[in-house]
Amino acid sequence: GAANPHGVVDEYLAVVASWGFAPEDLSTPVHIYQGAADTLVPEAWGRILANRISGASLTLYPDEGHFIALTRRKEVLEWLAGTSTSNHES
């Protein structure tokens, strides 16, 4: 975001715009990863979203903030690839 803020702007616009579907309509597996110490996205939002999606999983990292994609990249990619052996559901 510091080198090219356009991606950050696009991300924030996507968050507040209509998604074109309701989370309750999803039928694909969903796993939400969130740092409980995130100062940008409250922990409650991850819990609310996980509760709205049937069968969704939620992993909370108590001492981590907003950059789960960097700090937990291996776990997220393993889940996406279907090779995850960990189960950190909270």
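Here are three short exercises on this predicted model, each with a worked solution.

**Exercise 1. Find out how enclosed strand β2 is, and whether its faces are buried or exposed**.

Start with the strand itself, residues 57–61. Buried means under 20% relative accessible area. Five of the five residues in β2 meet that, so the strand is largely enclosed by the rest of the structure. Now split β2 by side: Ser 57, Thr 59 and Tyr 61 sit on one, Leu 58 and Leu 60 on the other. Both faces turn out to be covered.

**Exercise 2. Work out how β1 and β2 pair, then follow Ile 32 into its surroundings**.

First, the pairing: β1 and β2 run in the parallel sense, joined over five bridges. For one of the partners, take His 31, which is matched with Ser 57 in β2. Next, look at Ile 32. Leaving out residues up to four places away in sequence, Ile 32 touches Gly 46, Leu 49, Ala 50, Ser 57, Leu 58 and Thr 59. Finally, check the largest nonpolar core: Ile 32 belongs to it, together with Val 30, Ala 50, Ile 53, Leu 58 and Leu 60.

**Exercise 3. Describe the largest pocket and what lines it**.

Begin with the space, which comes to about 1,200 Å³. There are 32 lining residues, and Glu 11, Val 15, Val 41, Leu 49 and His 66 are the closest to the centre. Then sort the lining by type: 21 nonpolar, eight polar and three charged. Last, ask which elements contribute: α1 (6–16), β1 (31–35), α2 (43–52) and α3 (68–71) each give at least two residues.

Terms used
Residues are numbered from 1 along each chain as its sequence is written. This is a predicted model: local features need pLDDT of at least 70, side-chain atom pairs count only at pLDDT 80 or more; totals for chains, interfaces and linings use all residues. Side-chain values use heavy atoms; hydrogens and water are left out. On a 1 Å grid over the protein atoms alone, a cavity is a set of points where a 1.4 Å probe fits but cannot get out, and a pocket is an open set with protein on both sides within 12 Å along at least five of seven lines; lining residues have an atom within 4 Å of a point. Grid points are joined across faces, edges and corners, and a volume is the space filled by probe spheres set on the points. Helices (H or I, at least four residues) and strands (E, at least two) are DSSP runs, numbered from the N terminus. Ala, Val, Leu, Ile, Met, Phe, Trp, Tyr, Cys and Pro count as nonpolar, Asp, Glu, Lys and Arg as charged, and the others, Gly among them, as polar. A nonpolar core is a set of buried Ala, Val, Leu, Ile, Met, Phe, Trp, Tyr and Cys residues joined through side-chain atoms within 4.5 Å. Buried means under 20% relative accessible area, exposed over 50%, partly exposed in between (1.4 Å probe, protein chains only). Contact means heavy atoms within 4.5 Å. Two strands pair if DSSP finds at least two bridges between them.
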